[in-house]
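I opened this notebook to record what I looked up, one topic to an entry. I begin with the term that the later entries rely on.

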Amino acid sequence: MAQINVPVVRNILQANERLAAENRRKFDDAGIFVINLMSSPGAGKTSLLEKTIEALSGRIGIAVIEGDIQSSYDAERIQKKGVQAVQINTDGGCHLDGNMIQIALDALDLANVDLLIIENVGNLVCPAEFNLGEHEKIMILSVTEGDDKPLKYPLMFQICSVLLVNKIDLLPYVDCDMAKVRERIGQLNAKGRILEVSCKTGEGFAPWLSWIEEKVAGHKKLRAGKH
Ligand code: MG
Ligand code: ZN
C-alpha cells in the first residue's frame with residue numbers, strides 16, 4: 001500500500017506539543033486542574049459547564065476558556081454564572097491549539113483558580129490531536145447523535161478519561177442504544193469512565209461532580225507540596 005508522508009502536519013503537531021508542555025508547567029506550578037472538554041457541536045458542552053459551575057462555584061475557584069469559530073455568546077453565558085471566562089475565536093479554525101491557550105491565559109487572573117475548563121471548538125476530529133497542556137480530556141456524546149459515533153470517530157473516544165453521555169432524558173425518543181454505546185466505547189477505551197447525565201434535569205451529575213472535586217483536591221495538594 002502506498003504511504004504518503006505529510007511532514008508539514010507533523011511539524012505543526014510537534015510545535016504544538018512544545019507549547020502544550022509549557023502550558024502544563026504553568027498549570028502545575030499554580031496547582032490548577034485543567035480539563036479539555038470536547039464534543040460535536042450541540043452536544044451540550046456549555047450547558048454542562050453552566051450546571052457544573054452552579055454546583056461547584058462556592059467551593060472551587062473556576063475559570064473557563066471558550067473556543068468557538070465565531071461569536072462570544074458562550075463566554076457571555078459562562079460569565080453570567082459569575083466566573084471568569086475568556087473567549088477565543090478561531091476565525092474558521094476547527095480546533096484550539098497550545099498557542100491560543102497561551103494567549104488566553106494572559107487574559108485570566110489565575111490567582112484564585114483551582115479548576116480551568118477549556119471548551120474546545122465543537123468537532124470530533126482534530127481537537128483529539130492537539131494537546132493544550134490539560135490534565136484530562138473529557139468528551140460529551142449526546143444521545144441524539146446515535147450510538148454509532150464511537151465507530152466513526154474512534155480516536156476521540158480512545159483519548160478521553162471521562163465520557164459523558166448527555167441528554168439521557170431524551171433516550172425514550174431517539175435511536176440510541178446505551179448498551180451499544182457502552183460496548184463500543186469499552187472496546188476502544190477500557191479505562192474510560194462512562195457517565196450518563198442530563199444537563200436539563202441534573203440527573204447523573206453527582207459522580208461527575210465528585211470526580212472533579214477529587215481531581216481538584218489532588219492538584220491543590222501538589223501545589224501545597226511545592227511551596
Ligand atoms: Mg459551546
Ligand atoms: Zn481542526
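I take helices, of at least four residues, and strands, of at least two, as DSSP runs numbered from the N terminus. The model I am reading is predicted.

**Entry 1: Ile185**

By that numbering I placed Ile185 in helix H7, which covers residues 178-188. I then asked whether Ile185 is buried or exposed. Its relative accessible area is 0%, and with buried meaning under 20%, Ile185 is therefore buried. I listed its contacts, setting aside residues up to four places away in sequence, and found Pro150, Phe157, Leu163 and Ile194. I also checked the separation of Ile185 from Leu96: the two are 89 residues apart in sequence, and their C-alpha atoms are 24 Å apart in space.

**Entry 2: the magnesium ion**

Which protein atoms serve as donors to the magnesium ion (ligand 1)? I noted Thr46 through OG1, Asp74 through OD and Glu119 through OE, at 2.0 to 2.1 Å from the ion. Along the sequence, these donor residues follow the spacing T-x27-D-x44-E. Asp74 and Glu119 link distant parts of the chain, being 45 residues apart, with Asp74 in helix H3 (residues 73-79) and Glu119 in strand E4 (residues 115-119). I looked up the burial of both: Asp74 is buried at a relative accessible area of 11%, and Glu119 is buried at 2%.

**Entry 3: the surroundings of Glu119**

I stayed with Glu119 in strand E4 and searched for a partner of opposite charge. Glu119 is buried but has no salt bridge. The nearest side chain of opposite charge belongs to Lys45, 4.2 Å away; a salt bridge requires the nitrogen and the carboxyl oxygen to be within 4 Å. I did find a polar contact of 2.8 Å between the side chains of Glu119 and Thr46. Apart from neighbours within four places in sequence, the contacts of Glu119 are Leu37, Lys45, Thr46, Leu49, Ile65, Glu66, Gly67, Asp74 and Leu96. Two residues on that list, Thr46 and Asp74, are also donors of the magnesium ion.

**Entry 4: helix H4**

Which residues of helix H4 (residues 98-106) are buried? I recorded Gly98, Ile101, Gln102, Ala104 and Leu105. Viewed down the axis of H4, these buried residues fall within an arc of 165°, and so they line one face of the helix. The face turned away from the buried side carries Ile103 and Asp106, which are exposed. I then looked for what the buried residues of H4 pack against, and found helix H1 (7-30), strand E2 (62-68), strand E3 (84-89) and E4. At the N-terminal end, H4 is capped by Asp97, with a side-chain oxygen 3.1 Å from the backbone nitrogen of Asn99.

**Entry 5: positive phi angles**

I noted Ser71, which is not a glycine and yet has a positive phi of about 80°. Ser71 lies in the loop between E2 and H3 and is partly exposed, at 37% relative accessibility. I noted Asp91 as well, also not a glycine, with a positive phi of about 55°. Asp91 belongs to the loop between E3 and H4. Is Asp91 buried or exposed? Its relative accessible area is 62%, and I entered Asp91 as exposed.

How values were computed
Residues numbered from 1 in each chain as written. Chains lettered and ligands numbered in written order. Predicted model: local features only at pLDDT ≥ 70, side-chain atom pairs only at ≥ 80, totals over all residues. Heavy atoms only, no water. Donors = N, O, S within 2.8 Å, 3.2 Å for Na, K, Ca; no water. Buried < 20%, exposed > 50% of the residue type's maximum accessible area, 1.4 Å probe, protein only. Arc of directions from axis to C-beta. Contact = heavy atoms within 4.5 Å. Polar contact = N/O pair within 3.5 Å; in protein donor to acceptor, adjacent residues only side chain to side chain. Lys, Arg positive; Asp, Glu negative; His and termini not counted.
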